[in-house]
Amino acid sequence: MLDIRQISADPGPIQQALRNRKDSFSLEAVLAAERELNVLRKSWEALREQRNRLAEEIGRKKKGGEDVSRQMEESRGVNAEIARMESDLRKREDDVRAQLLLLPNIPHESVPVGADERDNPEIHRHGVPRSFSFEALPHWEIGGKLGILDFDRAAILSGSRFSVLKGMGSRLERALSAYMLDRHTHPGRNRPSGKPYQEVSVPLLVRPEMMEGTGQFPKFREESFSVPDDGLFLIPTAEVPVTNLHRDTVIEEADLPLKYVSCTPCFRREAGAAGKDTRGLIRQHQFLKVELVWITRPETSYDDHEELTRDAEAILNDLGLPYRRIALCTGDLGFSSAKTYDLEVWMPAQKVYREISSCSNFEDFQARRAGIRYRPQESKKPRPVHTLNGSGLAVGRTIAAILENFQELDGSVTIPDVLVPYMGGIQRIPPPDS
RNA sequence: GGAGAGGUGGCCGAGUGGUCGAAGGCGUCCGCCUGCUAAGCGGAUGUGGGGUCUAAAGCCUCACCCAGGGUUCAAAUCCCUGCCUCUCCGCCA
């Protein structure tokens, strides 16, 4: 959420940012509503003041045995007036807030202006896609033949876009999750921020306020699964509960940055994705993801964003998967984000790079919504923090990438070296016939 | 799920319906004192709006004592609902 006072002080740049984002939000409408609200609020406050004075006078005089029936009568009148104003005031406040909640974040100046994903510049590539002496199969075929992936039984259990992992497939999921968590929580060197991630396990069902805090609600409500009887929602990413761990609190500056890593299932309705990626593990209603979350100072958040993205890339490097980093342009940027890098892994069967991680700086957009502030050392006035997050990595998609990139002619799949200890020493998933 | 207790400032904790944004303590900060430290003494110390001011400070003012309703001229204080915490019972991975 943006600061309404900041908007009214200088709407120009924000208007431009909205155009760059291809967003149709009307700034004039909120600003007008805000101005009217301010006028009303002032007269309401004046009446409250009058009421407070009368109440005080009544208390004082009554104690002295004086007659106060005139003041009480007057006070009743003022109260009626206040009550009349209040419902209108409330309605207008809710309206302004509702509008502001639909206003997207402003892209950072370093974000390239562009219309859609075709305008996303590539930042760099790592690894060389392997050349196959045979036709590379898509992962769902490899997984089917190996007996480690079963979409048919998943469909019977839960419908489309669900999967069942079996045997080595399930083991691979566990190995990857454990490996990623270990990697990120390892103290390690080369961390400019000076500290490793703290692992957290969090609720998978949250209240709607949490979804609003990180920006999923109100705009993307239809994207989430809900449990209506209890008023709860299944998290679409660990970002939601982890960022909201610090909701409505003030953090001491010395404790920043706070860095968390959390491995959770994620649940998405994929409402707008009918017909896309209908096969395989790429687009599922439920998938496992290791998420990195930072709560940090405004002054360092862009450096931190680079570090976070490198942390995600480190996993791809370790696994030996070819990937590239792209920067999202203004037209492709997510609602809450001020800047986003996507990491895309090479998928040999389709011969394309596919998104496997998305690393964003939200600046104070989420912090305002969720009330996450810090107390700067030099001043005592709390300020909103900056929040960042990124996948490190999406586990389901990583399984797909490993199956495709490391498949062999005989149908077996080689396990990346770093995962072997996590696979009980197994170096490859044996071919179907063995 | 049933029965009870409770939710107050960074923390602990008091608060007969009226001058309470809230006693007291702890913590923190600033001074003083002191070979050093400790102790002691004095003072300051919630958040968010609005106004005043060139600006800061100060001052004035509105809101906030879990949340939302209600009673009342007046609510931290009374009533109702919700949420949360604790204790006991039941159930359970």
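The dialogue below discusses how to read several features of a predicted model.

Biologist: Before any detail is read, what pLDDT does chain A average?

Modeller: Where pLDDT is low, the predicted coordinates should not be interpreted in detail. In this predicted model, chain A has an average pLDDT of 93, and 99% of the residues score at least 70. The model also has an ipTM of 0.84 and a pTM of 0.92.

Biologist: How should the packing of helix α3 and helix α4 be read, and at what angle do they pack?

Modeller: A pair of packed helices is described by the angle between the two axes and by the distance between those axes. Helix α3 covers residues 27–63 and helix α4 covers residues 69–101. They pack at about 155°, and their axes are 8 Å apart. The angle therefore makes α3 roughly antiparallel to α4. The crossing of α3 past α4 is left-handed.

Biologist: Which helix holds A178, and is A178 buried, partly exposed or exposed?

Modeller: A178 belongs to helix α7, which spans residues 168–185. Its relative accessibility is 27%, so A178 counts as partly exposed. As for its relation to R325, the two are 147 residues apart in sequence, and their C-alpha atoms are 24 Å apart in space.

Biologist: In what order do the strands of the open sheet of three strands lie?

Modeller: The order is β5-β7-β6, and the pairing is antiparallel. The edge strands are β5 (205–206) and β6 (226–227), each of which pairs on one side only. Strand β7, residues 232–234, is joined to β6 by two bridges. Within β7, L232 stands opposite V227.

Biologist: How are the two faces of a strand read, and which residues of β14 are on its covered face?

Modeller: In a regular strand, side chains alternate between the two faces of the sheet. Strand β14 (residues 372–375) has I372 and Y374 on its covered face, while R373 and R375 are on the uncovered one. Strand β8, residues 249–252, pairs with β14 in the parallel sense over four bridges, and V250 stands opposite R373. Strand β15 (residues 383–384) runs antiparallel to β14 and is joined to it by two bridges. There, Y374 stands opposite R383.

Biologist: How many residues of strand β16 are buried?

Modeller: Strand β16, residues 386–394, is mostly covered, with nine of its nine residues buried. Seven bridges join it to strand β10 (residues 286–296), in the antiparallel sense. K289 has A394 as its bridge partner in β16. Strand β13 (residues 352–361) also runs antiparallel to β16, through three bridges. For S360, the bridge partner in β16 is N389.

Biologist: How many disulfides are counted in this model?

Modeller: A disulfide is a covalent bond that links the sulfur atoms of two cysteines. With a cut-off of 2.5 Å between sulfur atoms, the count here is zero. C263 is in no disulfide, and the nearest cysteine sulfur, that of C266, is 8.4 Å away. With 24% relative accessibility, C263 counts as partly exposed.

Biologist: Why does C329 form no bond with C359?

Modeller: The sulfur of C329 is too far for a bond, because the closest cysteine sulfur, in C359, is 17 Å away. C329 is buried, with a relative accessible area of 0%.

Key:
Residues numbered from 1 in each chain as written. Chains lettered and ligands numbered in written order. Predicted model: local features only at pLDDT ≥ 70, side-chain atom pairs only at ≥ 80, totals over all residues. Heavy atoms only, no water. Buried < 20%, exposed > 50% of the residue type's maximum accessible area, 1.4 Å probe, protein only. Pairing = 2+ DSSP bridges. pLDDT = per-residue confidence, 0-100. Axes fitted to C-alpha atoms, helices over the stretch in contact; angles between N-to-C directions. Parallel < 35°, antiparallel > 145°, perpendicular 65-115°, else oblique. Left-handed = near helix turned anticlockwise from the far one by under 90°.
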